[in-house]
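Let's take a walk through this structure together, one piece at a time. Keep the viewer open, and pause wherever you like.

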Amino acid sequence: MKESKSSKLHVQQQHQHNGDVSPFFMGKLLDPEASWDKDQLGDVLHWIRQVVALIFGLLWGAIPLVGAIWIVVFLVLSSGIIYGYYALVLKVDEEEFGGHGALLQEGLFASLTLFLLAWILVYSLAHF
Amino acid sequence: MASPRYADSLVVLGISIASAFLCEGISWILIYRTSNYRSLRLSIDKASKKLETMKTTSAKKPKSKKIDRFETSLKESSRDLSLSKFKSGGVVALVLIIVFGLLNSLFEGKPVAKLPFSPSGFVQKMSHRGLPGDDPTDCSMVFLYFLCSMSIRTNLQKILGFAPPRGAPSTGLFPMPDSKTN
């Protein structure tokens with residue numbers, strides 16, 4: 001019987017609380033064998049979304065890209081990056097974390113507002 | 001060197017960042033450092049993790065009474081948490097009203113940024129609020145402040161650890177009665 005990733009949780013957590021959390025955690029970000037706590041995974045996906053939003057906002061404001069279509073493009077790209085990360089890199093079973101919807105909506109609204117803020121500010125300051 | 005035409009946007013951003021820190025500071029003093037909030041937060045985190053484990057291990061069995069008890073307890077703790085935040089939230093709301101009034105007095109009728117898209121509907125009502133002319137790409141202080149507040153405050157709360165617990169169900173202050181108890 002295939003061992004569920006969440007059943008490894010208790011064993012993994014025992015090794016986490018030894019003072020060297022950072023290097024362990026950084027390695028965990030790219031480890032498909034790592035087990036994830038719901039809160040930990042949610043936080044990681046949230047911050048990935050924020051970084052992606054900031055990068056896209058700064059980039060599109062600098063080029064500049066103009067038009068509401070680029071908001072849709074941002075949403076599709078950032079959701080694609082999040083999906084690719086948890087499904088292809090981490091290989092998590094989304095059912096254990098509330099389904100695709102729950103994972104994809106982590107940090108979505110904050111990232112959209114951050115993207116718009118960065119895009120608008122760079123566009124206004126750099127091109128006028 | 002001439003200042004950028006929309007340098008006011010940086011003033012709005014700066015004031016938003018400062019007010020976000022101020023509001024979180026007030027919230028910490030009035031809410032987050034109290035023993036009541038900390039114990040509620042701890043019990044919600046424990047209960048939601050325990051509930052998650054119980055639901056995972058008994059996925060194929062019908063919902064047990066123990067799970068029901070945990071869910072009810074979680075809902076009650078979440079309601080108490082909302083209530084504790086509600087009482088002190090009035091002070092934060094007052095600060096935000098004062099900050100908004102200050103920004104309004106500084107930038108009313110003046111576009112503070114240029115939008116790289118033409119908004120429509122209710123978004124334009126906010127983005128073009130109080131501005132002269134018909135250019136839909138003129139951005140008012142209100143819209144920029146809204147974007148700043150949403151993005152900066154949410155992420156600041158997350159960084160400081162003040163974000164609401166994920167396990168807490170959003171029942172608000174007035175939850176509907178549990179149909180099983182009727």
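Where in chain A is Pro64(A) found? Pro64(A) sits in the loop between H3 and H4 of chain A. It is worth a look, since the peptide bond leading from Ile63(A) to Pro64(A) is cis, with omega near -5 degrees. Please keep in mind from here on that this is a predicted model.

With that loop as a starting point, let's step back to chain A as a whole. Its secondary structure comes to six helices and zero strands, and along the sequence this reads as the pattern α-α-α-α-α-α. Of the 128 residues in chain A, 41% are buried. The accessible surface of the chain is about 6700 Å², and carbon and sulfur atoms hold 68% of that area. If you count the contacts in chain A with a separation of 6 or more, 74% of them come from residues 24 or more positions apart.

Now follow the chain into helix H4 (69-89) of chain A. H4(A) has 21 residues and reaches 29 Å from its first C-alpha to its last, close to the 30 Å expected at 1.5 Å a residue. Which residues of H4(A) are buried? They are Ile71(A), Phe74(A), Ser78(A), Ile82(A), Gly84(A), Tyr85(A) and Tyr86(A). These buried residues pack against H3, helix H5 (99-104) and H6 of chain A.

Just after H4(A) comes Lys91(A), which lies in the loop between H4 and H5 of chain A. Its backbone deserves a glance in your Ramachandran plot: phi of Lys91(A) is near 55 degrees, a positive value in a residue other than glycine.

One of the packing partners of H4(A) is H6(A), so named here as our next stop. H6(A) has 20 residues and spans 28 Å from its first C-alpha to its last, close to the 28 Å expected at 1.5 Å a residue. This helix is mostly covered, with 14 of its 20 residues buried. A good example is Ser111(A), which has its place in H6 of chain A. Is Ser111(A) buried or exposed? Ser111(A) counts as buried because its relative accessible area is 0%, and the cut-off for buried is under 20%. Leaving aside residues up to four places away in sequence, Ser111(A) touches Arg49(A), Gln50(A), Ala53(A) and Phe74(A). Phe74(A) is among the buried residues of H4(A) that we met above.Next, let's bring in chain B through the largest nonpolar core. In soluble globular proteins, nonpolar side chains tend to be buried together. The largest nonpolar core here has 38 residues, and Phe115(A), Ile120(A), Met141(B) and Leu144(B) touch the most other members. Helices H3 (38-62), H4 (69-89) and H6 (108-127) of chain A, along with H1, H3 and H5 (141-160) of chain B, each supply at least two residues of this core. Which helix gives the most to it? That is H5(B), with nine residues.

To see how the two chains meet in this core, center your view on Leu144(B). Not counting residues up to four places away in sequence, Leu144(B) touches Leu117(A), Ile120(A) and Leu121(A), together with Ser9(B), Val12(B), Val112(B) and Cys139(B).

Helix H1 of chain B also holds Ser19(B). Ser19(B) counts as buried because its relative accessibility is 6%. Apart from residues up to four places away in sequence, Ser19(B) touches Val99(B) and Tyr145(B). For a contrast, look at Ser3(B), in the segment before H1 of chain B. At 59% relative accessibility, Ser3(B) counts as exposed. Ser3(B) and Gln157(B) are 154 residues apart in sequence and 33 Å apart in space, C-alpha to C-alpha.

Our last stop is on the surface. Trp28(B), Ile29(B), Leu30(B) and Val91(B) form a nonpolar patch there, with about 340 Å² of accessible area together. Helix H1 (residues 8-32) of chain B gives the most to this patch, with three residues. Val91(B), in turn, has its place in helix H3 (residues 65-107) of chain B. Why does Val91(B) count as partly exposed? The reason is its relative accessible area of 38%, which falls between the 20% limit for buried and the 50% limit for exposed.

How values were computed: Residues numbered from 1 in each chain as written. Chains lettered and ligands numbered in written order. Predicted model: local features only at pLDDT ≥ 70, side-chain atom pairs only at ≥ 80, totals over all residues. Heavy atoms only, no water. Patch = residues over 30% accessible without salt bridge, like charges linked within 9 Å, V, L, I, M, F, W, Y side chains within 5 Å. Areas by Shrake-Rupley, 256 points an atom, 1.4 Å probe, with all protein chains shown as cover. Salt bridge = Lys/Arg side-chain N within 4 Å of Asp/Glu carboxyl O. Helix = DSSP H or I, 4+ residues; strand = E, 2+ residues; numbered from the N terminus. Buried < 20%, exposed > 50% of the residue type's maximum accessible area, 1.4 Å probe, protein only. Core = buried A, V, L, I, M, F, W, Y, C linked by side-chain atoms within 4.5 Å. Contact = heavy atoms within 4.5 Å. Expected span 1.5 Å × (residues − 1).
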